[in-house]
Every structure is written in C-alpha cells, then in structure tokens.
Amino acid sequence: QSDSGGQRLKLRLEGIDAPEICQAGGDASRAALQALTAHRTLEVTVRAHDDFGRGLARLTFRGQDIGAEMVRTGQAWSYRWRSSMGPYASEEKLARLERRGLFSQEDAQLPRDFRKQHGTCFPLMPCVSGSVRGAADRAFGLASNSNFGELDGGSIQQKQPNRQRLS
C-alpha cells in the first residue's frame, strides 16, 4: 500500500521471470522475494501495465534493485524477449558461473518452458493464455486463484518514470 494510503497496487516485477510456485525453486524464490521486501519501505517505479492491469514495476530498497538481486542470487531468470537475454543478463551470467540458487541445478527450466510442458500450477483455476505467473507475482501476498500480487507488510513509495521533454 502506498505511503499516502489508498488502494494496494497490483504489480509484476519487470525484467525477471521467477519459477512457478509448483516448479523446483518456486518456494525458495518466493521466500527470497519476501525476505527482500517484507516490512520495508520500497520505491516503486511503474513503467507500463500488462494485459491484466498489473503495473510492470521496478522495486528498489535504499538504492538496491530488487529484480537484480533476485537474479544475482539465482532466484529468478533475467526476462528474455526474442533474441535479448533481458535486462539482468550480466547478473544471471554471474549467478550461473557461481551456481547460485536455481542455477545450481543442471536441469533448471525456464518458467515459460515449464508452463508449456506442465501447464499452470493451479489446473482447477481459470488460466488466461499467455499470462506469466511466476513466484515473483505471488510473493506479494497473492491468493492462489489470482495472477497478480499485492505487497503485504511494509510500504511503498510510487514514482513515475523519468520523462524528458523533447523539443
């Protein structure tokens, strides 16, 4: 919830792809994100919204990028898009070299590949095709039948992305 009160923000961490909760590493990823965010005042920069109305956000705590830390510690992958290895490619490379977290497993599977092979972790619940539902989404106190997260414990300060005026 924002320091100014009001509604809780529905967020998805921009730039990371965390394992599904029923996937190997899902519980550890959730716990890692909770450890980084619970009972802390976070700075949130929402850059866009996804098809489900969630803010695609960067979270920071005292200058520490939470997404980068999740990837650096091997709790998530850098989010890949087409031929790009994503915004945290260097953090993922280091985590792989040091065999941290998910990358200590030889057969660690990208969440999107896991979903293609196994489907959703919640088969009795409606699933919208193409939704990305990783542990990072659920670590914010998400009910299991929903595909968005809400920050529990702690507070946030929402910031607008920097915008430059073009002349």
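Let us start at helix α1, where G26, S29, L33, L36 and T37 are buried. These residues cover an arc of only 95° around the axis, so they sit on the same side of α1. If you turn to the face of α1 that points away from the buried side, you will find the exposed residues D27 and A35. There is a handy rule behind such patterns: an α-helix has 3.6 residues a turn, so residues three or four places apart point the same way. Keep in mind as you look around that this is a predicted model.

How long is α1? It has 12 residues and reaches 17 Å from its first C-alpha to its last, close to the 16 Å expected at 1.5 Å a residue. After α1 comes H39, whose phi is positive, near 60°.

Now let us look at what lies inside. The largest nonpolar core has 18 residues, and those that touch the most other members are L11, I16, V44, L59, I66, M70 and A76. Two or more residues each come from β1 (10-13), α1, β3 (41-49), β4 (55-61) and α2 (66-72). Which element gives the most to this core? That is α2, with 4 residues. A general tendency is worth remembering here: in soluble globular proteins, nonpolar side chains tend to be buried together.

Two members of this core deserve a closer look. Leaving out residues up to four places away in sequence, I66 touches L33, L36, T37, L59, T60 and F61. Of these, L33, L36 and T37 are among the buried residues of α1 that you met at the start. The second member, M70, is found in helix α2. M70 has a relative accessible area of 0%, so it counts as buried. Setting aside neighbours within four places in sequence, M70 is in contact with I16, S29, A32, L33, L36, Q75 and A76. Here again you can spot S29, L33 and L36 from the buried side of α1.

From M70 we can step across to another helix. M70 and E91 are 21 residues apart in sequence, and their C-alpha atoms are 9.1 Å apart in space. E91 belongs to helix α3 (residues 89-97), where E91, E92 and A95 are buried. Seen down the axis of α3, the buried residues fall within an arc of 100°, so they line one face of the helix. What covers them includes α2 and β6 (77-78). And what do we find on the other side of α3? There, S90, K93 and L97 are exposed.

Next, visit strand β4, the home of R58. Is R58 buried or exposed? With a relative accessibility of 19%, R58 counts as buried, because the cut-off for buried is under 20%. The side chains of R58 and Y88 are joined by a polar contact of 2.9 Å. Not counting residues up to four places away in sequence, R58 touches E14, E43, V44, T45, R47, D65, P87 and Y88. V44 is also one of the core residues named earlier.

Let us now turn to the backbone. Most residues other than glycine have a negative phi, and most peptide bonds are trans. R62 is not a glycine, yet it has a positive phi of about 50°. You will find R62 in the loop between β4 and β5 (64-65), and with a relative accessible area of 77% R62 is exposed. R99, too, is a residue other than glycine with a positive phi, near 50°. R99 lies in the loop between α3 and α4, and at 42% relative accessibility R99 counts as partly exposed.

Our last stop is a link between two cysteines. A search of the whole structure finds 1 disulfide. C22 and C121 form it, with their sulfur atoms 2.0 Å apart. This pair links distant parts of the chain, 99 residues apart: C22 is in the loop between β2 (16-17) and α1 (26-37), while C121 is in the loop between α4 (111-118) and α5 (135-138). The link of C22 and C121 is left-handed, with -80° about the S-S bond. As for the two ends, C22 is partly exposed at 46% relative accessibility, whereas C121 is buried at 14%.

Notes. Residues numbered from 1 in each chain as written. Predicted model: local features only at pLDDT ≥ 70, side-chain atom pairs only at ≥ 80, totals over all residues. Heavy atoms only, no water. Disulfide = S-S within 2.5 Å. Buried < 20%, exposed > 50% of the residue type's maximum accessible area, 1.4 Å probe, protein only. Core = buried A, V, L, I, M, F, W, Y, C linked by side-chain atoms within 4.5 Å. Contact = heavy atoms within 4.5 Å. Expected span 1.5 Å × (residues − 1). Arc of directions from axis to C-beta. Polar contact = N/O pair within 3.5 Å; in protein donor to acceptor, adjacent residues only side chain to side chain.
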